Amino acid sequence: MKTFIAIKPNQPIQMCATSDNQAETVTKRFWQKVARIQENKRWLCVVAPQSMPSRQELEEMGVQLNKMLVIHQNKTKAIETIIKAVKAGKCSTVVGWVDECSSLQYQALTALGAQNNCNTLLVKADSQAKTNTVKQAA
């Protein structure tokens, strides 16, 4: 199961849980949504992706690859990188795969996202993701 958490500037958190048998459809819709919120003059930053569509598939879904930065790293350090990317103020959207997001980190992302007008999308692949995240974010 995957849980997607969307933190949008000045809006309530949105969460969506999906089962693994929906993976292809959800992945396509997810990247199409990312493409819609990507801005021409600001960056899309992708941190610690677990898996990603090909360049051609991303282009077909509308993602602007010329304004996309992918940072490959261990998911245990991803949340700090996500916070730094949002804080830098150069990104319209930051997408990151995480193992954990503490309530302090969630609060930082919410505040920084509002301050820098940055959408943050967190992805956690885990059957317990929704339960753990709701407890931490509350």
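These legends go with several close-up views of a predicted model.

**View A. Strand β3 and its neighbours on either pairing.** β3 (43-47) is largely enclosed by the rest of the structure, because 4 of its 5 residues are buried. Take the pairing with β5 to start: the two strands run in the parallel sense and share 5 bridges. One contact to look for is tryptophan 43, whose bridge partner in β5 is cysteine 91. β3 also pairs in the parallel sense with β4 (residues 68-71), this time over 4 bridges. Here, valine 47 has isoleucine 71 of β4 as its bridge partner. To get from β3 to β4 the chain passes through α2, and this β-α-β crossover is right-handed.

**View B. Cysteine 45 and the sulfur of cysteine 91.** Which residue of β4 does cysteine 45 stand opposite? Leucine 69 is the one. Cysteine 45 itself is buried, at a relative accessible area of 2%. Its closest cysteine sulfur belongs to cysteine 91, and since the gap is 4.9 Å, that's too far for a bond. The cut-off that matters here is 2.5 Å between the sulfur atoms.

**View C. Cysteine 118, with cysteine 91 again as the closest sulfur.** For cysteine 118, too, the closest cysteine sulfur is the one in cysteine 91. The separation is 5.7 Å, so a bond is out of reach. Cysteine 118 is buried as well, with just 1% relative accessible area. The disulfide count for the model comes to 0.

**View D. Alanine 48, a positive phi without a glycine.** Zoom in on the loop between β3 and α2 (55-60), and you'll find alanine 48 there. Its phi is positive, at about 50°, although the residue is not a glycine. Is alanine 48 buried or exposed? It counts as buried, at 5% relative accessibility.

**View E. Asparagine 117, another positive phi without a glycine.** This residue is found in the loop between α4 (103-116) and β6 (119-125). Asparagine 117 has a positive phi of about 50°, and once again no glycine is involved. How accessible is asparagine 117, then? It is partly exposed, with a relative accessible area of 44%.

**View F. The largest nonpolar core and a separate second one.** As a general backdrop, nonpolar side chains tend to be buried together in soluble globular proteins. In this model, the largest nonpolar core has 19 residues. The members touching the most others are Val47, Ile79, Ile82, Val86, Val94, Leu109 and Leu122. At least two residues come from each of β3, α3 (78-88), β5 (91-97) and α4. Which element gives the most to this core? That's α3, with 6 residues. There is also a second, separate core, made up of 17 residues; Ala6, Met61, Val63 and Leu121 are among them. Val47 is worth a look in both this view and View A: it touches many fellow core members here, and it has isoleucine 71 as its bridge partner in β4.

Key:
Residues are numbered from 1 along each chain as its sequence is written. This is a predicted model: local features need pLDDT of at least 70, side-chain atom pairs count only at pLDDT 80 or more; totals for chains, interfaces and linings use all residues. Side-chain values use heavy atoms; hydrogens and water are left out. Buried means under 20% relative accessible area, exposed over 50%, partly exposed in between (1.4 Å probe, protein chains only). A nonpolar core is a set of buried Ala, Val, Leu, Ile, Met, Phe, Trp, Tyr and Cys residues joined through side-chain atoms within 4.5 Å. Two strands pair if DSSP finds at least two bridges between them. A crossover is right-handed if, with the strands pointing away from the viewer, the path from the first strand over the helix to the second runs clockwise.
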